[in-house]
Amino acid sequence: MTPKAEIVKRFREATGMGWLASKLFLAGRSPELCERILEARLQQPGSNTLHDPTEDHPDYAETFVMVRNLTEKELREEIALRNAARRDAGDTTTLREWPLGTCHLMWRRMKERLAVAGITWYSLAEMNPEHHFD
């Protein structure tokens, strides 16, 4: 479905995306995500990187902290095991504390855990369509 011009205009103002990019984004994404991005821009006016406003909701604050900490701890343990295996194999050139792309894995796991808790959450990558995260 083609989004209405007024929605495209609001989305452009919120994201800084061009007209066509905004129109294509809105046509291909869930209305809920688009509304969250617009809401985030209103709540985070000076921010260059928007986060999901759900993170700021007092009812979910404790859950977000718990899920974020658990997921990060889990990933750091996996990375440490991977680095140990590489060291044991004599490979010290590919050791990384936080390898590129790990944030996407973290966000995917957080999204899954939050969904189990009944929370729909959008990652920084989803909330910032023209940003690139490593």
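**Helix H1 and two nonpolar cores**

Let me begin where H1 ends: the helix is followed by Gly16, whose phi is positive, near 80 degrees; helices here are DSSP runs of H or I with at least four residues, numbered from the N terminus. This is a predicted model, in which local features need pLDDT of at least 70 and side-chain atom pairs count only at pLDDT 80 or more, while totals for chains, interfaces and linings use all residues. Residues are numbered from 1 along each chain as its sequence is written, and side-chain values use heavy atoms, with hydrogens and water left out.

Within H1, residues 5–15, Val8, Phe11 and Ala14 are buried, meaning under 20% relative accessible area with a 1.4 Å probe and protein chains only. They lie on the same side of H1, because they cover an arc of only 125 degrees around the axis, taken from the directions from the helix axis to the C-beta atoms. The buried residues of H1 pack against helix H2 (19–28) and helix H3 (31–43).

Turning to the interior, the largest nonpolar core, a set of buried Ala, Val, Leu, Ile, Met, Phe, Trp, Tyr and Cys residues joined through side-chain atoms within 4.5 Å, has 14 residues, and Phe11, Phe25 and Cys34 are among those with the most contacts inside it. H1, H2 and H3 are the elements that give two or more residues to this core, and H3 gives the most, with 5 residues. A second, separate core of 10 residues includes Phe64, Cys103, Leu114 and Trp121.

As for the cysteines, Cys34 is buried at 5% relative accessible area, and Cys103 is also buried, at 12%.

Notes
Buried means under 20% relative accessible area, exposed over 50%, partly exposed in between (1.4 Å probe, protein chains only). Contact means heavy atoms within 4.5 Å.
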